[in-house]
Amino acid sequence: MREDSLDADFSVNCEACGFVHAAGETVSLYDYELLRDDEKIEDGAFQILHDDHLKDAQRYKYCIVCGTLKPLEQFDRHSARASGRQGECTLCKQVYNSIKNQTRLVEQHREASQKRRLYTQFEQPSKLDIRAIYDRFGCRCFKCGVDLASDLEAGALQKLGNLDHTLPVFYLWPLTTNNATLLCRNHNGEKAEKWPGAYYEDAELRRLSALTGIEYRLMAGTPNFNPEALEWLGKPEFVESLFEKFARYPHELLRLRNRILAATGFDFLDSSARISPDWRKNADALRGATAAGTEDTDGA
């Protein structure tokens with residue numbers, strides 16, 4: 001139903017089952033008895049007021065570009081519009097802005113997607129307990145303290161957007177229920193790929209250590225790669241599987257090789273004698289292009 005079609009005396013007839021939602025009416029879900037020391041002190045019907053049910057209902061909006069009906073939260077705020085939201089959903093708005101600004105968003109998204117896929121190869125499968133993370137941080141952004149409790153009722157993607165790899169996935173550290181940091185989207189974007197010591201104040205690092213179980217000295221020190229991930233990269237079968245999985249888009253894998261080699265001196269291309277020497281040539285050429293600022297971001 002359109003919200004502007006409902007007045008104080010609304011009456012909505014469901015075309016599927018004939019049920020009528022009407023102002024001032026209630027629906028009884030079940031009868032109850034309230035007991036204290038085996039003595040009944042109250043009984044009656046558990047009822048929901050239709051007005052309250054309607055007020056609590058999820059709001060949706062059609063995107064004027066893709067025509068998809070999406071939750072209102074997937075549209076950026078726009079005070080001048082009657083709905084208080086943009087006409088385009090955030091996804092369409094992002095693509096529109098990329099065209100307007102002449103940026104290559106599709107390639108950027110493909111590159112980011114491959115990076116995410118690659119990094120997940122270094123994580124042990126585990127289900128995040130998102131509510132436990134929110135509870136541990138009091139449902140507030142660790143950096144600015146803004147209340148994020150309402151995001152718990154939003155979709156999974158929005159909730160995940162507030163979870164930060166305290167030790168960056170850029171250095172192959174995993175995200176777990178215990179080590180995640182709760183940040184608002186603005187500060188999560190600021191923190192991206194930064195080592196904790198380069199982003200937080202000393203007092204924040206000490207408090208974050210208590211909340212995440214990560215040693216203060218590790219967070220306050222210089223960036224370093226997850227030693228467990230480097231151990232995996234020393235195994236021939238693991239490296240070979242990476243090249244098989246990323247055969248279509250090896251660019252990120254070669255970038256990772258170059259970053260690890262530069263930071264640690266370890267070359268995981270040496271881990272397997274079955275990897276073609278051409279990949280080393282490609283990786284070295286990519287390293288030279290990166291240093292010269294002429295790297296082709298479309299692929300290796």
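On the surface of this predicted model, L29, Y30 and F46 form a nonpolar patch whose accessible area comes to about 300 Å² together. One of these residues, F46, sits in strand β4, which covers residues 39–49, and F46 counts as partly exposed because its relative accessibility is 34%, a value that lies between the 20% limit for buried and the 50% limit for exposed.

Turning to the interior, the largest nonpolar core has 49 residues, and among these F122, L172, L233 and F268 touch the most other members. At least two residues of this core come from each of several elements, including helices α3 (105–120), α12 (251–264) and α13 (277–292), as well as β8 (180–182). When residues up to four places away in sequence are not counted, F122 touches L172, A229, W232, L233, F238, L242 and L256. In soluble globular proteins, nonpolar side chains tend to be buried together.

A charged residue is also found out of reach of solvent by the criterion used here: K93, placed in helix α2 (residues 90–100), is buried yet has no salt bridge. The nearest side chain of opposite charge is that of E88, 4.1 Å away, and K93 touches both Q86 and E88, leaving aside residues up to four places away in sequence.

Finally, L128 lies in the loop between α3 and α4, and its C-alpha atom is separated by 5.2 Å from that of T177, although the two residues are 49 residues apart along the chain.

The two partly exposed residues described here are set out below.

| Residue | Place | Relative accessibility |
|---|---|---|
| F46 | strand β4 (residues 39–49) | 34% |
| L128 | loop between α3 and α4 | 22% |

Notes
Residues numbered from 1 in each chain as written. Predicted model: local features only at pLDDT ≥ 70, side-chain atom pairs only at ≥ 80, totals over all residues. Heavy atoms only, no water. Patch = residues over 30% accessible without salt bridge, like charges linked within 9 Å, V, L, I, M, F, W, Y side chains within 5 Å. Areas by Shrake-Rupley, 256 points an atom, 1.4 Å probe, with all protein chains shown as cover. Salt bridge = Lys/Arg side-chain N within 4 Å of Asp/Glu carboxyl O. Helix = DSSP H or I, 4+ residues; strand = E, 2+ residues; numbered from the N terminus. Buried < 20%, exposed > 50% of the residue type's maximum accessible area, 1.4 Å probe, protein only. Core = buried A, V, L, I, M, F, W, Y, C linked by side-chain atoms within 4.5 Å. Contact = heavy atoms within 4.5 Å. Lys, Arg positive; Asp, Glu negative; His and termini not counted.
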